[in-house]
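Here's a guided walk through a protein model, from ring pairs to helix packing to a few odd backbone spots. Keep the viewer open and click along.

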Amino acid sequence: MSQTFLLEIGLEEIPAHVVTPSRQQLVKRTADFLKAQRLTYGEIKSFATPRRLAVLLTDVAAKQEDVKEELRGPAKRIAQDSEGNWTKAAQGFVRGQGLTTADITFKQQKGEDYVFVNKFIPGKSAAEVLSGMAEVITSMTFPTNMHWGDYDFEYIRPIHWLVALLDQAIVPLQVLNITSGRTTQGHRFLGQPVDLAQATDYEVALAEQFVIVDPAKRKAEIKQQIMTLAEQNNWVVELDADLLEEVNNLVEYPTAFSGRFDPKYLNMPDEVLITSMKDHQRFFYARDQAGKLLPLFISVRNGNRDYLDNVISGNEKVLTARLEDAQFFYNEDQQQTIAAYVERLKKVTFHEKIGTMYEKMQRVQLIGQLLGKNIGLAADELADLQRASEIYKFDLMTGMVGEFPELQGTMGEKYALLQGEKPAVATAIREHYQPISADGVLPQTKVGAVLAVADKFDSITSFFAVGLIPNGSNDPYALRRQAAGIVRIIKAENWHLDITALQQQSSQVLAEHKATFGLDLATNSSQFQQFINERMRQWFGQHKVRYDIVDAVLASHENDLQQMFAAAKVLKQRKDTPDFKATIEALTRVLRLSEKADFADQKQLTVDPTLFENDAEKMLYTAVEEVRTQVAQRTIAENFEALEQLRPLIAAYFDATMVMVDDTAVRNNRLQQLVILARLIFSIADLNQLIVK
């Protein structure tokens, strides 16, 4: 007989950003608990509002599955003494299984008799199993916790009620002084407590008490109400997904409404108005059909339409106060010059071990020019980059950014344009922060992309220079995010950039211009390269590149990130081709034998053709030299194809040639030839890491 089980945890209001992950966590912990308890069910439906987390289980089995198992104990010679009496070993074994020695049988395994017992554990009833769900409730974890009363127990918010019903019956649970029952609470202001006759009444009963407990239905209702307002007024409303999710987790019974603000505030940049509405008040904004921002907002009330005019008026007053502050800062900020703001940065500490924000900007100017020249920026682009890097942090000193930190970069662009800076310079100031998240928008201009990489590169190498290197989950300065941003920008821009070489070159340039400010950016270079490689590994993982290909590429002798991307792409494309296995086996044979070389000067390798003893050596030598002379001009794909074409020559070489001969000169000559070929292979990837079938 199938049953339905309801568990509801009633709480004080939960922070909106915690509601959805807590609902998902409750589902997972419930599923794990039931699996461990061997109690089967059909599906778990989850519910959540700011005041409750709940799960509804359908088709719950009447009882646990029975356990029938045969257990092996000690060998017979250990279980019985010479007189056939049971030893302590046998007695302890059966006692541990809740049985007696009368339950023992013997079976032979591998020529020896062993003790065996048959154990049967009858399944507990569903009600008895589910009474252990208090463990699920108390085991939940949250980003922040609080305790209440005299209890040491901590939770996201105080628990006020519990509902636990198996069909019509209450399942007894207790957490602190709260015992489970059948009474749930309606909307805080509009609803009443309601006794549930059975678990399946949950949604309908709460709907009658002004609680839409299903988050998907509640969100759909919010969207419909907002879209109806937009259609009635010919507005264009962008339903930001994150804001919609947050608003959905703030209400139990949504009612959308619109309010207005004075059009005089529209003289400020749209970003200021949107930030004030969206980020600070959780309001949606609207545009007209031409895309112009309108002096109005849309919000969602947790309640019905009663006294809605008072609610609208209150929200308008709050927003007006916020916009009045923004207007003040906007006007005041324009009374100062960019140069004055930059001068103030001399007294702003970037980090106490690294120096000031102004000193950081001096380093970024030089790094940016070095990087810009490396990737081939035109003269006018380099000039724009220079100007942008001289001032790009100035808006940190403005009142607007002080009040609205989310607008850093954005206000830099707006104020730069107002003070006559070139659009390319202003855009770069905004774009240098990008990307601001793992999948955030990337810079769209070359100047902005270079400035973004230079700024992030300086931040990472500066912290590495003073030994503040992320470890484990500890990354207080978000260096991993900045490194991931560098990787994404380089991939998107298709730049050929040797990140280790840039570190060395930057250190030299800063020293030449006396702009090190006590830092050597080349410090911890090996750890820096490993740090970047780990971000590369993360990128490859997100793009479903097989782990052994990733290992092979990251173990190559190549530090050019674009070459690594290309190598991974080539290996991913070729891995399923008919000749791939044979090619990799031939090339890895070269790699393994080349490891036997032990030359004092690995850089100066020369092969003497006069020491060749067969045609296979000559043919391989000629082919490798041809590949080597063209490797710099070819793409990774072309170089791999050239190596593929060496496969029959490599096979013929090893068939005809013994490398490790007694003659030292001949042996070293052959090893040098293999080392040269191995370097060509390593410039693509360490193929030893590949798994071929």
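What follows starts with the aromatic rings, moves on to the helices, and ends in the loops. One thing to keep in mind throughout is that this is a predicted model.

Let's begin with the rings. A pair of aromatic rings is described by the distance of the centres and the angle of the planes. How many aromatic pairs does the structure hold? The count comes to 20. One of them joins F328 and F329, with 5.5 Å from centre to centre and 70° between the planes, an edge-to-face arrangement. F328 has a relative accessible area of 48%, so F328 falls in the partly exposed class, between the 20% and 50% cut-offs.

Now jump to F540 and F565. Their ring centres are 5.8 Å apart and their planes meet at 65°; because edge-to-face asks for over 60 degrees, this pair gets that label too. The pair bridges distant parts of the chain, with F540 sitting in helix 20 (residues 525-542) and F565 in helix 22 (residues 561-574), 25 residues apart. Are these two residues buried or exposed? Both F540 and F565 are buried.

Rings also gather in a group: F142, W148, F153 and Y155 are tied into a cluster by ring pairs. And rings can have charged company. K346 is placed over the face of Y358, 4.9 Å from the ring centre, and K360 sits over the face of F350 at 4.8 Å from the ring centre.

The F540 and F565 pair is a handy way into the helix packing. Helix 20 and helix 22 pack at an angle of about 35°, and their axes are 12 Å apart. The crossing of these two is right-handed. On the helix 20 side, the contact is made by Q529, I532, N533, M536, W539 and F540, while helix 22 brings in L561, M564, F565 and A568. So the two paired rings belong to this contact, with F540 on one side and F565 on the other. To read such lists, recall that an α-helix has 3.6 residues a turn, so residues three or four places apart point the same way.

Helix 20 has another partner in helix 18 (residues 479-493), where the axes come within 9 Å and cross at roughly 65°. Why is this pair called roughly perpendicular? Because that class covers 65 to 115 degrees, the angle between helix 18 and helix 20 qualifies. This crossing is right-handed as well. Helix 18 contributes L479, R480, A483, A484, V487, R488 and K491 to the contact, and helix 20 contributes F531, I532, R535, M536, Q538 and W539. I532, M536 and W539 appear in the contact with helix 18 and also in the one with helix 22.

Next, have a look at helix 16 (residues 423-431). The buried residues here are V425, A426, T427, A428, I429 and E431. What do they pack against? Their partners are helix 13 (379-391), helix 15 (410-418) and helix 17 (446-465).

Follow the chain out of helix 16 and you reach P435, in the loop that leads to helix 17. The peptide bond from Q434 to P435 is cis, with omega near -10°. That's worth a click, since most residues other than glycine have a negative phi, and most peptide bonds are trans.

On the phi side, two residues stand out. N494 has a phi near 60°, a positive value in a residue other than glycine, and N494 is placed in the loop between helix 18 and helix 19. K514, also not a glycine, has a positive phi near 50°. K514 belongs to the loop between helix 19 and helix 20 and, at 74% relative accessibility, counts as exposed because the cut-off is over 50%.

Between those two loops runs helix 19 (residues 499-512), home of S507. With a relative accessibility of 13%, S507 is buried. Beyond its neighbours within four places in sequence, S507 contacts D520, L521 and A522.

Last stop: Q289, in the loop between strand 15 (284-287) and strand 16 (293-302). Is Q289 buried or exposed? At 51% relative accessibility, Q289 counts as exposed. Leaving out residues up to four places away in sequence, Q289 touches N234, W235 and V236.

Key
Residues numbered from 1 in each chain as written. Predicted model: local features only at pLDDT ≥ 70, side-chain atom pairs only at ≥ 80, totals over all residues. Heavy atoms only, no water. Phe/Tyr/Trp six-rings, centres within 6.5 Å; stacked < 30°, edge-to-face > 60°. Buried < 20%, exposed > 50% of the residue type's maximum accessible area, 1.4 Å probe, protein only. Helix = DSSP H or I, 4+ residues; strand = E, 2+ residues; numbered from the N terminus. Lys NZ or Arg CZ within 6 Å of the ring centre and 35° of its normal. Axes fitted to C-alpha atoms, helices over the stretch in contact; angles between N-to-C directions. Parallel < 35°, antiparallel > 145°, perpendicular 65-115°, else oblique. Left-handed = near helix turned anticlockwise from the far one by under 90°. Contact = heavy atoms within 4.5 Å.
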